[in-house]
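Please work through the exercises below with the sequence and the model open beside you. Each task is followed by a solution that goes step by step.

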Amino acid sequence: MRSPHETAVELFRTSFGRTPERWVRVPGRVELLGNHTDYNAGLVLAAAIEPSLTCVVAARPDQHIRLISSAFPSEPIELHSLRTVRLDPGHWAGYVVAVCRELRAAGIPITGFDAAIDSTIPPGSGLSSSAALLVAAALTLGRLSHRTVAERLNVAQLCQRAEHRLGVHCGLLDYLTVLHAREGHAVHIDCRSLVVRNVRWPDTLALVLVDSGVRHRLTAGGYNRIRSDCEAAAKSLGVATLRELRAGSLRRENHRLTAAQRAVATHILEENQRVRSSVRAVRAADFRRLGELFTDSHRSSRDHLRNSCPELDAWIERARPLPGWLGGRLTGGGFGGMTLHLVQRRQLRAFLAALPKNANAQEGRPSSGVLEE
Ligand code: ADP
Ligand code: MG
């Protein structure tokens, strides 16, 4: 089988009749615990996992930009200049254009280039194909100009600004995870201090992703609704972000909040605590506790954030009685996508065999982060 890198190079050659200069491979990511905590300056435990997205590029002597993605083979894009680009909102090429604009704003010269993208990350399934695309574009195009964005945090913030331009008001989790990931490790991120730590992931614990088949569109409103409830709750409580909230003050002040704001504030407060507890549980090899934290997180997302859906809830209930199951939750923005299950590795086979025949399930192993040349 050809590697993703070879497939992308081949696509580049057949599309543009030339050889690429640079490539970057960026994996998907999965949020292990910490639902909607990142933009609330909270705590997250995440991991990079295969599949991955590869972007290969070569500079051009003019201002033209040509883009091709194997996901949209019938839509090669040709742009004459960055300044005059007009794309439909939501068009995939908008991600690359937004990165170019942010690189320019950061003082990195962007002239013409050809780029080909090949990916095995299914868009909208919760593995953050958008972050993989943005990080891959930022790194390859930065390298082309020989003026790289120095720090991983700067790359992450640049990608975040690009995604905000596209109307998705996401936090830094996705970018920081893939930029810091190490094979066999989870990534623990404090989104207030922006300190990132790798946490050794035990080999005896398997992560199983089950795709609900329901596809979300983050720009469709659910994500932004939760985010604005969080911001309104923080404002009413007089704190900069919900990270500053203490249980006592939420109890005392909760009359200031609407029911929806009270619910999201409660979720964020407790979810941060669950992330802290999960890191302790991983280190202490207390996997039952870790499983309970997963399942509690799902319940809280479902009841407080209201970002679950019947299909996600059904997969948790179906997996619960199966061999080796320790806990499960929705992962990512919600409203569809994947459920993530924590399973004893020695019972993984039995677990997978016991899933209904129509289950679209895969094991996700914490993988290395960005690879490039
Ligand atoms: P996800 O949860 O996968 O990040 P998003 O809705 O945030 O879902 O991003 C998906 C969007 O990212 C797609 O609609 C498309 O515009 C872009 N995208 C993802 N993968 C690719 C790809 N291989 N080629 C081109 N665009 C892609
Ligand atoms: Mg996304």
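**Exercise 1. Place Gly 112 in the fold and describe its surroundings.**

Solution. Gly 112 belongs to the loop that joins α2 (93-105) to β5, where helices (H or I, at least four residues) and strands (E, at least two) are DSSP runs, numbered from the N terminus. Before going further, note that this is a predicted model, in which local features need pLDDT of at least 70 and side-chain atom pairs count only at pLDDT 80 or more, while totals for chains, interfaces and linings use all residues. Residues are numbered from 1 along each chain as its sequence is written, chains are lettered from A and ligands numbered from 1 in the order in which they are written, and side-chain values use heavy atoms, with hydrogens and water left out.

The next step is accessibility: Gly 112 counts as buried because its relative accessibility is 2%, the classes being buried under 20% relative accessible area, exposed over 50%, and partly exposed in between (1.4 Å probe, protein chains only). Then look for its partners: leaving aside neighbours within four places in sequence, Gly 112 is in contact (heavy atoms within 4.5 Å) with Ala 59, Arg 60, Asp 62, Gln 63 and His 64. With Asp 62 the C-alpha separation is 5.3 Å, although the two residues are 50 residues apart along the chain.

**Exercise 2. Determine how β5 is covered and how it pairs with β2 and β3.**

Solution. Begin with the cover: six of the seven residues of β5 are buried, so the strand is mostly covered by the criterion of under 20% relative accessible area. Turn next to pairing, which requires that DSSP finds at least two bridges between two strands. Strand β2 (residues 43-59) runs antiparallel to β5 and is joined to it by seven bridges; within this pairing, Thr 54 stands opposite Asp 118 of β5. Strand β3 (residues 65-69), by contrast, runs parallel to β5, with five bridges between them, and Ser 69 has Ile 117 of β5 as its bridge partner.

**Exercise 3. Which residues are closest to ligand 1, and which elements contribute to its shell?**

Solution. The shell around ligand 1 holds 17 residues, of which the closest are Ser 69, Trp 92, Gly 124, Ser 129 and Ser 130; a residue is counted if one of its heavy atoms lies within 4 Å of the molecule. For the polar contacts (pairs of N or O atoms within 3.5 Å; within protein, one must be able to donate a hydrogen and the other to accept it, and residues adjacent in sequence count only if both atoms are side-chain atoms), take the serines in turn. An N or O atom in the side chain of Ser 69 is 2.6 Å from a nitrogen atom of ligand 1. A polar side-chain atom of Ser 129 lies 2.6 Å from an oxygen atom of the ligand, and for Ser 130 the corresponding distance to an oxygen atom is 2.9 Å.

As for cover, ligand 1 taken alone exposes 560 Å², and the protein buries 91% of that, with areas from the Shrake-Rupley method and a 1.4 Å probe; for residues, only the protein chains shown count as cover. The elements that give two or more residues to the shell are β5 (113-119) and α3 (129-144), and the largest share, three residues, comes from α3.

**Exercise 4. Is Thr 37 buried or exposed, and what does it touch?**

Solution. Thr 37 lies in the loop between β1 (22-33) and β2, and it counts as buried because its relative accessibility is 0%. Its side chain reaches the backbone oxygen of Gly 34 at 3.2 Å. Not counting residues up to four places away in sequence, Thr 37 touches Gly 42, Leu 43, Val 44, Ile 268, Glu 271 and Asn 272.

**Exercise 5. Compare the settings of Thr 266 and Leu 371.**

Solution. Thr 266 is found in helix α8 (residues 259-283) and, at 18% relative accessibility, counts as buried. Beyond four places in sequence, Thr 266 touches Leu 250 and His 304. Leu 371, in strand β12 (residues 371-372), is partly exposed, with a relative accessible area of 38%. With the same exclusion of residues up to four places away, Leu 371 touches Trp 23, Val 24 and Arg 25.
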